[in-house]
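Work through the exercises below with the structure open beside you. Try each task before you read its solution.

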Amino acid sequence: MKFNGSFILKKIGDTYYAVPLGSISKEIKGMIKLNNTAAFIWQKIEDGISSEEIVNTLSNEFKTDKATAQKDFDEFTSALKEAKILV
C-alpha cells in the first residue's frame, strides 16, 4: 500500500492537511483537513509500516481497542483508495 504522489501531508500549527500536488491541485481547490487519527495512519503508511502494525500502534497510541482501531484504519484507507490517492 502506497500513496500515488498526488498529495503530501503537511502540519500547520497543530493541524494536519493533505495538500494536492501537480495537476490534481487544479481539480481540488485548497487542502483537506485531517483529524489526528487520519494523520497518524497517513504517516505510518508513508513510513512503509504494515497494515497490521499500523492497527496495533493506533490502538496503543489512541488507547482504544483493536476492533475500533481496525475499523478506523479500514474506513480511512477505503476512502483513500476510492479517491485513488492510495494504491
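**Exercise 1. Aromatic pairs**

How many aromatic pairs does the count come to by the ring-centre rule?

Solution. This is a predicted model, so each value below is computed from predicted coordinates.

Step 1. Apply the cut-off: ring centres must lie within 6.5 Å. The count comes to two aromatic pairs.

Step 2. Take F3 and W42. Their rings are 4.2 Å apart, centre to centre, with 20 degrees between the planes. Planes under 30 degrees apart count as stacked, and the F3–W42 pair is stacked.

Step 3. Place the two residues. F3 lies in the segment before strand 1 (7-12), and W42 lies in helix 2 (residues 36-46). The pair therefore ties together parts that are 39 residues apart in sequence. Both F3 and W42 are buried.

Step 4. Turn to F40 and F62. Here the centres are 5.5 Å apart and the planes stand at 90 degrees, which makes the pair edge-to-face. F40 is in helix 2, while F62 sits in the loop between helix 3 (51-61) and helix 4 (66-82). The two are 22 residues apart, so this pair also links distant parts of the chain.

Step 5. Check exposure. Buried means under 20% relative accessible area. F40 has 11% and is buried. F62 has 34% and counts as partly exposed.

**Exercise 2. The sheet**

Work out the strand order and the pairing in the sheet.

Solution.

Step 1. The sheet is open, has three strands, and runs in the order 1-2-3 with antiparallel pairing.

Step 2. Find the edges. Strand 1 and strand 3 (32-34) each have a single partner strand, so one side of each has no neighbour in the sheet. From one strand to the next, the twist averages 30 degrees.

Step 3. Follow strand 1 into strand 2. They form a hairpin with two residues between them. G13, in the turn, has a positive phi of about 65 degrees. Six bridges join the two strands in the antiparallel sense. F7 stands opposite P20 in strand 2.

Step 4. Cross to strand 3. Strand 2 (residues 15-20) is joined to strand 3 by three bridges, again antiparallel. A18 stands opposite I32, and Y17 stands opposite K33.

Step 5. Is strand 2 largely enclosed or left open by the rest of the structure? Five of its six residues are buried, so strand 2 is largely enclosed.

**Exercise 3. Helix 2 and the core**

Trace how helix 2 meets the sheet and the other helices.

Solution.

Step 1. Look at the start of helix 2. A side-chain oxygen of N35 reaches to within 3.1 Å of the backbone nitrogen of T37. After the helix comes G48, with a positive phi near 80 degrees.

Step 2. Set the direction. Helix 2 lies across strand 1, strand 2 and strand 3, at about 130 degrees to strand 1.

Step 3. List the buried residues of helix 2: A38, A39, F40, I41, W42 and I45. They pack against strand 1, strand 2, strand 3, helix 3 and helix 4.

Step 4. Find the core. The largest nonpolar core has 21 residues. F3, L34, I41, W42, F76 and L80 touch the most other members. Strand 1, strand 2, helix 2, helix 3 and helix 4 each supply at least two residues. The largest share, six residues, comes from helix 2. In soluble globular proteins, nonpolar side chains tend to be buried together.

Step 5. Zoom in on I41. Beyond residues up to four places away in sequence, I41 touches I54, L58, D72, F73, F76 and T77.

**Exercise 4. A threonine in helix 4**

Which backbone oxygen does the side chain of T77 reach?

Solution.

Step 1. Locate T77: it belongs to helix 4.

Step 2. Judge its exposure. T77 is buried, with a relative accessible area of 4%.

Step 3. Check the polar contact. The T77 side chain reaches the backbone oxygen of F73 at 2.8 Å.

Step 4. List the contacts outside four places in sequence. T77 is in contact with M1, I41, I45 and L86. Two of the names here, I41 and I45, appear among the buried residues of helix 2.

Technical notes. Residues numbered from 1 in each chain as written. Predicted model: local features only at pLDDT ≥ 70, side-chain atom pairs only at ≥ 80, totals over all residues. Heavy atoms only, no water. Phe/Tyr/Trp six-rings, centres within 6.5 Å; stacked < 30°, edge-to-face > 60°. Helix = DSSP H or I, 4+ residues; strand = E, 2+ residues; numbered from the N terminus. Buried < 20%, exposed > 50% of the residue type's maximum accessible area, 1.4 Å probe, protein only. Pairing = 2+ DSSP bridges. Axes fitted to C-alpha atoms, helices over the stretch in contact; angles between N-to-C directions. Contact = heavy atoms within 4.5 Å. Core = buried A, V, L, I, M, F, W, Y, C linked by side-chain atoms within 4.5 Å. Polar contact = N/O pair within 3.5 Å; in protein donor to acceptor, adjacent residues only side chain to side chain.
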